There are 2 protein chains.
Amino acid sequence: MIVHDYQTHEDQAAAIFESWGMPEERARASARVLAWADLHGIESHGIAMLVEYDERRATRPINFAPTPHIVQETPVSALLDGDGGLGHATATQAIDVAIAKAKSNGIGAVSVRNSGHFGALGFFTTRAADGGLIAMAATSVFGIRVPPTGGSQARLGTDPWSFAAPSADGRHFVLDMATTTVASGKVRNKIVEGQEMPPGWGFDTSGRPTLDPSVVMNGGFLSPLGGGAETAGYKGYGLAAMVNILASCLSGSTLITDPMHSRQPKGLDVGHFFLVIDPNLFRPLDAFSADVQRFSDDLRATPAVDAAQPVQVAGDPERAIKAKRSAEGIPIGPGLYQRLKDIASESGARWLFEDQMSRAG
Amino acid sequence: MIVHDYQTHEDQAAAIFESWGMPEERARASARVLAWADLHGIESHGIAMLVEYDERRATRPINFAPTPHIVQETPVSALLDGDGGLGHATATQAIDVAIAKAKSNGIGAVSVRNSGHFGALGFFTTRAADGGLIAMAATSVFGIRVPPTGGSQARLGTDPWSFAAPSADGRHFVLDMATTTVASGKVRNKIVEGQEMPPGWGFDTSGRPTLDPSVVMNGGFLSPLGGGAETAGYKGYGLAAMVNILASCLSGSTLITDPMHSRQPKGLDVGHFFLVIDPNLFRPLDAFSADVQRFSDDLRATPAVDAAQPVQVAGDPERAIKAKRSAEGIPIGPGLYQRLKDIASESGARWLFEDQMSRAG
């Protein structure tokens with residue numbers, strides 16, 4: 001493992017984004033989202049994504065200097081056009097519009113079209129929870145990886161969903177989940193690091209279980225949350241469809257089931273959905289966030305099957321990693337390190353990682 | 001199996017509700033929700049619930065003649081107090097308030113406190129989809145059945161979630177799911193009919209898998225969607241917590257993790273959450289619902305693993321059963337039939353089922 005402090009980590013990502021033609025402010029916004037994910041241990045959505053973005057920009061035009069703009073709005077809603085850029089800065093703008101509308105009018109719903117990959121959803125819903133607000137987020141994705149229950153071909157993606165709510169003690173409830181058993185990023189990282197997957201994560205091209213992440217990433221399938229029909233995989237499939245309806249159908253973005261034909265999108269044409277609710281519509285924030293804390297603490301107090309592994313609440317594992325990495329730095333594996341070095345070299349980005357004291361582990 | 005037409009089914013449920021002291025209009029609203037569930041094949045939330053309500057009213061006061069009232073509201077929200085009644089009529093009122101606010105102002109969010117069991121969530125979200133609107137629904141529940149991931153005691157319930165969206169062809173997308181692998185109603189029906197459960201639905205008191213539904217219902221646990229931690233059961237656990245935050249923390253209803261102590265509720269004190277969104281905020285309804293149809297049809301067109309079992313979309317299985325039962329009547333098992341007959345006899349309700357032509361199967 002090679003370790004850098006948070007700032008160097010973010011700066012290196014920003015340097016690569018800038019080398020692709022992204023204006024400084026936008027590059028910084030994108031880098032902040034990716035570095036946030038790594039800081040919280042969500043490596044599948046951290047700077048490892050730069051490898052995938054680099055591959056995508058070779059096959060699909062990405063507007064690295066877009067001008068996102070609001071197409072239509074009401075006191076409680078906005079439709080935002082991402083102008084063909086990557087999604088991080090656009091989605092940050094979108095959640096901030098939703099937050100502002102929720103603070104003024106109780107609720108803010110923002111639909112985004114013509115955007116791109118935006119990183120970890122938890123970045124955006126946490127931003128609302130930090131402001132004392134409830135948030136939901138969903139996005140369409142580019143990769144088609146998951147068959148509908150009973151289907152023999154992939155039609156859906158990792159189709160993630162996030163929900164966050166403020167807790168009085170600051171340990172906000174932050175659920176951020178792919179509606180698959182695992183996200184493709186976790187499978188991809190297994191390939192980069194040369195490891196097998198645990199059982200149950202994926203299927204080969206004919207739908208049989210496999211432990212080989214490269215089989216899943218090369219024609220095989222991810223399973224929807226729940227797995228097969230008898231263990232209610234149709235619920236994970238249903239949640240994936242919900243995510244696509246909110247992110248794609250509502251914004252008018254490309255349907256994942258129809259990626260190339262009807263719309264003839266020029267770019268990635270990813271859609272997002274954000275909903276922010278002010279709890280004061282129903283109860284004072286203090287009372288609501290005290291109940292979120294009480295509920296979370298009650299769950300944490302459940303006697304554990306294994307005393308060494310106390311029960312956690314959504315957001316806890318990421319907070320623990322954030323505390324550790326804030327103090328000790330953010331590690332990346334040697335495979336990813338080399339890929340990023342190659343990418344930076346090819347695009348002429350400044351290479352900052354070697355300026356930092358690093359150690360092998 | 002004993003079969004009756006829809007109207008007799010609803011009338012029988014209404015007669016039992018009225019025999020418990022429920023005013024005629026409210027009894028009809030409750031019966032309509034239960035009969036809707038049976039018509040759509042959701043027997044776990046049909047008139048089988050009368051057996052559970054009958055047990056509950058012996059242990060907890062239920063206000064059978066409540067006066068639900070709006071405590072506070074804005075153009076896009078309302079907090080409704082259910083006055084200690086069962087939830088069916090109260091929730092119908094709540095979704096109708098949410099629908100009206102969404103039609104006027106784009107979004108309607110209604111939080112309900114001091115309510116009771118309200119039946120199948122799909123009844124309410126379908127009501128919005130029928131009006132060209134998107135809907136989400138969640139409710140807290142009375143039964144504590146599910147351990148948080150890594151916990152050795154139950155702290156959560158079946159904690160259901162529903163999402164519906166209108167499709168141009170009228171075959172609306174209607175996801176209605178317990179965040180457990182299965183709902184407790186399905187386990188309960190296995191007991192009533194004397195059948196074993198499929199593997200993976202539940203655990204015994206020490207957390208080991210069991211096929212015996214009575215073990216699950218007597219001290220054992222239901223599993224969260226996803227099962228154990230390695231197959232991402234923490235996602236189902238996270239969704240269950242989301243449902244409780246929206247339904248209980250937001251409304252100020254009793255927390256499932258603290259059922260008796262802090263609030264000292266007099267009745268069931270169940271909380272609900274409804275959110276309705278007008279898609280016209282973002283795109284014309286015609287364009288949105290056409291995309292929902294296109295997306296759904298694309299999924300249905302996926303080549304099936306088993307050609308005899310075509311791929312379906314959330315709402316399809318229930319629609320198929322509705323069509324069949326509208327024509328042929330609604331069956332109930334002999335165990336449930338006898339229980340209902342006993343309940344009707346004890347409370348002096350009119351017994352309508354025998355007036356109907358019935359057949360044994």
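Two strands count as paired when DSSP finds at least two bridges between them. The exercises below apply this rule, and others, to a predicted model.

**Exercise 1.** Determine the strand order of the open sheet in chain A, and explain why one side of strand 2 and of strand 7 is left without a neighbour.

*Solution.*
1. The open sheet in chain A contains seven strands in the order 2-3-4-11-5-6-7, and the pairing is mixed.
2. Strand 2 (69–74) and strand 7 (173–177) of chain A stand at the edges with a single partner strand each, so each has one side that lacks a neighbour in the sheet.
3. On average, neighbouring strands of this sheet are turned by 10 degrees against each other, direction ignored.

**Exercise 2.** State in which sense strand 3 and strand 4 of chain A pair, and over how many bridges.

*Solution.*
1. Strand 3 (residues 77–81) and strand 4 (residues 107–115) of chain A are joined by five bridges in the parallel sense.
2. A:Asp81 has A:Arg113, in strand 4 of chain A, as its bridge partner.

**Exercise 3.** Describe the contact between chain A and chain B by its residues, its buried area and its salt bridges.

*Solution.*
1. Chain A contributes 83 residues to the contact, and chain B contributes 83 residues.
2. About 6600 Å² is buried between the two chains, 70% of it on carbon and sulfur atoms.
3. A:Lys235, A:Phe282 and A:Phe295 supply 12% of the area that chain A buries against chain B, more than any other three residues.
4. Two salt bridges are found across the interface. With a cut-off of 4 Å, the side chains of A:Asp258 and B:Arg294 qualify at 3.3 Å, N to O.

Terms used
Residues are numbered from 1 along each chain as its sequence is written. Chains are lettered from A and ligands numbered from 1 in the order in which they are written. This is a predicted model: local features need pLDDT of at least 70, side-chain atom pairs count only at pLDDT 80 or more; totals for chains, interfaces and linings use all residues. Side-chain values use heavy atoms; hydrogens and water are left out. Contact means heavy atoms within 4.5 Å. Buried area is the accessible area (1.4 Å probe) that two parts lose on being put together, summed over both. Helices (H or I, at least four residues) and strands (E, at least two) are DSSP runs, numbered from the N terminus. Axes are lines fitted to C-alpha atoms, for helices over the stretch in contact, and angles run from 0 to 180 degrees between N-to-C directions.
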